[in-house]
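Reader: I have a predicted model open and I'd like to check the labels people put on it. Can you take me through the reasoning?

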Amino acid sequence: MGVVNITPDSFSDGGQYADPARAVAHAHRLIGEGSDILDIGGESTRPGAAPVSLDEERRRVMPVLEALAAGGVPVSVDTRKPGLMREAIAAGAAMVNDVTALSAPGAIETAAKAPVAVCLMHMQGDPGTMQVNPGYQDVVREVRDYLAGRIAAAERAGIARDRIVVDPGFGFGKTVEHNLALLRALAEFRQLGVALLAGLSRKAMLGKLTGREPRDRVHASVAAALLAVQNGAHIVRVHDVAATRDALAVWQALKS
Ligand code: HH2
């Protein structure tokens, strides 16, 4: 899954693709590099980020989504707002990727009405404050239990299991140790019986481990994506598609 952020303030590529034409060109580059899914977002959820209004998020996302939805690559909309989910689905989005696991009023019903895939992610707190003092008794168990509850809620609303993807939400209300524990135990999330997504690309955890700025975290991101796939992830959400593809090609060759 290649990331297309149409935001002025995303932590790793903010402002680079704020112009729709540049965002579409970037998406085509990611497709050329081998992206199987495009994840289009118009609101940064980095630690400390301020929320964006529906109007502003719609203004950022919809022109890009409309330009890409008719292409051969499935488009995911990265949003927590049911209003934008609705419009994106009508314009051809194949997936709703929600960092709040469809918990906003009306979100689950909106996704249930259409034949789209959903990604249910775990986050402790909200982006404004989530990194202030994240705490868990047992991070793996708590995140897994939360996701199990959200899968059950999605199923109750009529979303079939084969449409559901879960994501432990690396960096969303988690310390480096929490993230490492989740990565180490990722295979356990397969027991939930749905597809598993991991998003580690360029995240602060990799900065802490390497001392590098977001743009210089490509090698660390590739290592993290490879480890995630080795540990059971079906989908990796990445900024650097070509580099990740190369690493996965080596892994795949070894496996087969
Ligand atoms: N991470 C980010 C955004 N959306 N969605 C899922 N399912 N999983 C993730 O780990 C995830 C996500 C944050 O990364 P990015 O989009 O690069 O930054 P920003 O939120 O600053 O736009």
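Reader: Leaving aside neighbours within four places in sequence, which residues is T79 in contact with?

Author: E57, L84, M85, N97 and D98. Keep in mind that this is a predicted model. T79 itself sits in the loop between β3 and α3.

Reader: What makes T79 buried or exposed?

Author: The relative accessible area of T79 is 2%. Buried means under 20%, so T79 counts as buried.

Reader: And what makes the pair of T79 and E57 a polar contact?

Author: The two side chains come to 2.7 Å from each other. The cut-off is an N or O pair within 3.5 Å, so the T79 and E57 side chains qualify as a polar contact.

Reader: How far apart are T79 and A101, in sequence and in space?

Author: They are 22 residues apart along the sequence, and their C-alpha atoms are 10.0 Å apart. A101 belongs to the loop between β4 and α4.

Reader: How do you know whether A101 is buried or exposed?

Author: A101 has 0% relative accessibility. With the buried label given under 20%, A101 is buried. Its backbone deserves a look too: phi is positive, about 55°, although A101 is not a glycine.

Reader: What about L102, which lies in the loop between β4 and α4?

Author: L102 also has a positive phi, about 60°, and is not a glycine. Its relative accessible area is 2%, and the limit for buried is under 20%, so L102 is buried.

Reader: Back to α3: which of its residues are buried?

Author: Helix α3 covers residues 82-90, and its buried residues are P82, G83, L84, M85, A88 and I89. Of these, L84 and M85 are in the contact list of T79.

Reader: What do the buried residues of α3 pack against?

Author: Two helices and two strands: α2 (54-69) and α4 (107-113), along with β3 (75-78) and β4 (95-98). Just after α3 comes G92, where phi is positive, about 110°.

Reader: Let's go to N5, in strand β1 (residues 2-5). What makes N5 buried or exposed?

Author: N5 has a relative accessible area of 10%. Set that against the under 20% rule, and N5 is buried.

Reader: Why is the link between N5 and S10 called a polar contact?

Author: The side chains of N5 and S10 are joined at 3.5 Å. Since the rule says within 3.5 Å, the N5 and S10 pair is counted. Beyond four places in sequence, the contacts of N5 are S10, D13, Y17, G41, R237 and H239.

Reader: T45 is in the loop between β2 (38-41) and α2. How do you know whether T45 is buried or exposed?

Author: Its relative accessible area is 15%. The label buried applies under 20%, so T45 gets it. Neighbours within four places aside, T45 is in contact with R80, V99, P127, M130 and F172.

Reader: And F189, in the loop between α6 (176-184) and β7 (195-198): what makes it buried or exposed?

Author: F189 has 0% relative accessibility. Against a limit of under 20%, that makes F189 buried. Not counting residues up to four places away, F189 touches V140, V143, R144, L147, P168, L182 and L196.

Reader: How far is F189 from G48?

Author: They are 141 residues apart along the chain, with their C-alpha atoms separated by 28 Å.

Reader: Now the whole protein. How many helices and strands does it have?

Author: Nine helices and eight strands.

Reader: Why is it called as compact as a globular protein of that length?

Author: The radius of gyration is 17 Å, and the globule rule gives 18 Å for 256 residues. Those values are close, so the protein is as compact as a globular protein of that length. The C-alpha trace spans about 40 × 40 × 40 Å along the principal axes.

Reader: What share of the residues is buried?

Author: Buried residues make up 55% of the 256. As for contacts between residues at least 6 apart in sequence, 65% join residues at least 24 apart.

Reader: And what are the surface and the charges like?

Author: The accessible surface is about 11000 Å², with 53% belonging to carbon and sulfur atoms. There are 28 positive and 28 negative side chains, and the centres of the two sets lie 2 Å apart.

Definitions and conventions. Residues are numbered from 1 along each chain as its sequence is written. This is a predicted model: local features need pLDDT of at least 70, side-chain atom pairs count only at pLDDT 80 or more; totals for chains, interfaces and linings use all residues. Side-chain values use heavy atoms; hydrogens and water are left out. Helices (H or I, at least four residues) and strands (E, at least two) are DSSP runs, numbered from the N terminus. The radius of gyration is taken over C-alpha atoms; the globule rule is 2.2 Å times the number of residues to the power 0.38. Buried means under 20% relative accessible area, exposed over 50%, partly exposed in between (1.4 Å probe, protein chains only). Contact means heavy atoms within 4.5 Å. Accessible areas come from the Shrake-Rupley method with a 1.4 Å probe; for residues, only the protein chains shown count as cover. Lys and Arg count as positive and Asp and Glu as negative; His and the chain ends are not counted. The place of a charge is taken as NZ of Lys, CZ of Arg, CG of Asp or CD of Glu. A polar contact is a pair of N or O atoms within 3.5 Å; within protein, one must be able to donate a hydrogen and the other to accept it, and residues adjacent in sequence count only if both atoms are side-chain atoms.
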